[in-house]
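Here's a quick tour for anyone new to reading protein structures. Take a look at the picture first, then we'll walk through a few spots together.

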Amino acid sequence: MFLCRLKPAEIISSRQKVIGFWGAPPAHALEQAAERFPGAGFLDLDVFFGAPVSGVLPDAYCHIIRNCIDNALWLGDRLVAVVAACGEEKCDAGRYAAALLAARGIEVIATVNPNRQRTAQPLLCEAKGPLKKRAIRIMESIVEPLSDRERNAAFMTRCTPTVGFWGTPPHPIEVLELFPDTTHIFGWTRCVEMGVPADLELERQVPGDLPIVFFSQGFCAKAMIARELAKQYSGMYVDVHDQMHAATMAKIEAFIRLSGGRQ
Amino acid sequence: MKFADAGSSFCKTFSPGDGAVTIVPSRTMARSEERFDWGTGHTARRLSDHYENDLISLSKGSLALVDEDDFTVLDLGSRDAKLVSFAGRRPVKLDWSVGCAAATGATVEMLGRFYEVDFARVPIGDEWTSVTCGTYAVERIMDAVSGGEDESAAIGRFIHGLARNVFAFSGSPDRLYLSGGFTQNPAFMAALRRYAQVIPLGRTVPLAGLWAFAAERDSALGPVPFALRPPTP
């Protein structure tokens with residue numbers, strides 16, 4: 001099982017077949033799909049690749065789910081199946097999106113991932129390095145787990161945090177470029193690295209003495225947790241929909257800077 | 001050393017030794033090649049050696065000028081509102097409303113010019129105009145005036161509605177420090193004082209913030225000078 005490293009535009013212009021997925025489906029479901037479609041790499045449909053807007057979803061809807069739908073429809077016959085997270089580890093919109101794609105003739109393998117056995121340490125979450133790169137690698141690890149070399153490197157670069165990021169990988173992902181290398185990751189992204197994407201208890205765990213940006217994608221149900229935790233821990237709640245406006249960037253920069261987070 | 005706070009409408013500059021802040025329209029600054037050592041506000045970004053975003057300079061200036069642990073500062077500009085709240089002198093709320101330009105300073109200023117109104121004589125009563133959308137609110141003023149209502153009274157209701165919005169945006173505090181040009185608008189101050197104790201900080205808080213940053217690098221600069229401090233009541 002491997003990740004397809006081509007962008008959808010390249011996939012469309014080639015003969016490459018891909019298996020789409022969203023959320024964090026269980027490994028056995030991904031392995032079964034890989035066996036059924038040999039030669040097809042996995043593509044994370046949550047990610048924004050510049051797909052044309054299909055117009056299937058309302059404008060006021062979670063951009064991540066819009067990515068899932070628009071990417072899948074854009075790929076056309078290059079997409080052999082979608083392994084769709086439809087359980088509490090994703091959100092209700094995951095189920096609805098799966099039904100919507102299935103109704104358009106796309107093969108959808110609906111999965112749930114209720115695992116509560118923490119199978120990995122939060123190595124990348126606590127390593128020192130560019131936040132965006134670490135978050136992307138965590139999501140890639142759903143299909144391609146960290147190698148021993150990567151685990152060792154992450155372990156050796158564990159750092160004392162100066163600031164925290166809580167949430168899912170955001171759209172736009174460039175939000176993460178505002179954070180210093182000494183940022184620790186919390187929330188759902190941490191749950192994914194530890195192999196328990198539906199672990200709400202872990203998702204809500206944050207240190208009390210660290211300035212944390214609690215991020216919520218616009219129109220995401222996680223907003224209620226993000227806002228509550230931000231209040232409880234004197235963090236900053238940020239909600240971003242389509243674009244990251246200058247005001248949002250300024251808020252994040254100011255919070256990090258004034259909280260002593262920038263090293 | 002030169003400091004600049006170049007917002008959408010006005011650019012405020014200051015250098016050590018100046019007796020007062022110099023204020024010029026930002027549109028002239030945007031076309032100039034003048035450089036600043038420290039700048040804030042989007043017009044200053046490309047003209048400054050050291051740049052701080054608006055919320056950072058506002059926050060730093062607030063901390064330099066207000067000697068309290070827990071307080072809230074609102075900066076009401078020509079087309080936006082910025083908010084910072086501190087608890088234990090740590091920022092716990094940062095906000096920047098840029099969504100609707102119609103409901104802030106530029107609109108009030110344009111209304112005043114259009115109807116030739118002296119804001120010192122605008123009455124603030126119990127009634128207000130809903131300013132959910134500034135454009136609709138302006139339309140209501142025009143309807144009221146064409147229906148025979150006094151211009152000052154109609155604008156007073158608009159300003160009262162704006163003050164209510166600003167108070168809610170600030171988190172409805174008992175006490176509010178106010179920064180920006182609106183501190184010089186007596187009608188707005190009267191309206192806001194119906195809801196909270198309002199302490200004006202004047203228009204120089206971001207410049208005071210830049211000064212504080214510069215002084216951290218060069219202690220010879222000393223404390224924030226008198227010209228950048230709030231006007232005495």
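How many residues does the contact take from chain A and from chain B? Chain A puts in 14 residues and chain B puts in 13 residues. Keep in mind that you're looking at a predicted model. Below we go from that interface to the two domains of chain B, and then to one aspartate in chain A.

**Where chain A meets chain B**

- About 1200 Å² gets buried between chain A and chain B, and carbon and sulfur atoms give 65% of that area.
- On the chain A side, the residues that lose the most area to chain B are A:K251, A:R257 and A:L258, which together make up 44% of what that side buries.
- Two salt bridges are counted between chain A and chain B.
- One salt bridge joins the side chains of A:R257 and B:E52, with 2.5 Å from N to O.
- Helix α11 of chain A (residues 246-258) gives the most to the side that touches chain B, namely nine residues.
- Sort the chain A side by class and you get eight nonpolar, three polar and three charged residues.
- As for polar contacts, three residue pairs turn up across the interface of chain A and chain B, with both residues at pLDDT 80 or more.

**Two domains inside chain B**

- The domain assignment splits chain B into domain 1 (1-52 + 204-233) and domain 2 (66-202).
- Taken over C-alpha atoms, the centres of domain 1 and domain 2 of chain B are 24 Å apart.
- Seven residues from domain 1 of chain B and six residues from domain 2 of chain B take part in their contact.
- Between them, these two domains of chain B bury about 580 Å², with 55% of it on carbon and sulfur atoms.
- In domain 1 of chain B, the biggest losers of area to domain 2 are B:S8, B:V205 and B:P230, together 52% of what that side buries.
- Between domain 1 and domain 2 of chain B, the count of salt bridges is zero.
- The side of domain 1 of chain B that touches domain 2 has three nonpolar, four polar and no charged residues.

**A closer look at A:D199**

- You'll find A:D199 in the loop between α8 (188-193) and α9 (200-203) of chain A.
- Is A:D199 buried or exposed? A:D199 counts as buried because its relative accessibility is 6%, and the cut-off for buried is under 20%.
- The side chain of A:D199 reaches the backbone nitrogen of A:E201 at 3.2 Å.
- Setting aside neighbours within four places in sequence, A:D199 is in contact with A:R116, A:R118 and A:C191.

Terms used:
Residues are numbered from 1 along each chain as its sequence is written. Chains are lettered from A and ligands numbered from 1 in the order in which they are written. This is a predicted model: local features need pLDDT of at least 70, side-chain atom pairs count only at pLDDT 80 or more; totals for chains, interfaces and linings use all residues. Side-chain values use heavy atoms; hydrogens and water are left out. Helices (H or I, at least four residues) and strands (E, at least two) are DSSP runs, numbered from the N terminus. Buried means under 20% relative accessible area, exposed over 50%, partly exposed in between (1.4 Å probe, protein chains only). A polar contact is a pair of N or O atoms within 3.5 Å; within protein, one must be able to donate a hydrogen and the other to accept it, and residues adjacent in sequence count only if both atoms are side-chain atoms. Contact means heavy atoms within 4.5 Å. Buried area is the accessible area (1.4 Å probe) that two parts lose on being put together, summed over both. A salt bridge is a side-chain nitrogen of Lys or Arg within 4 Å of a carboxyl oxygen of Asp or Glu. Ala, Val, Leu, Ile, Met, Phe, Trp, Tyr, Cys and Pro count as nonpolar, Asp, Glu, Lys and Arg as charged, and the others, Gly among them, as polar. Domain bounds come from an automatic or database domain assignment.
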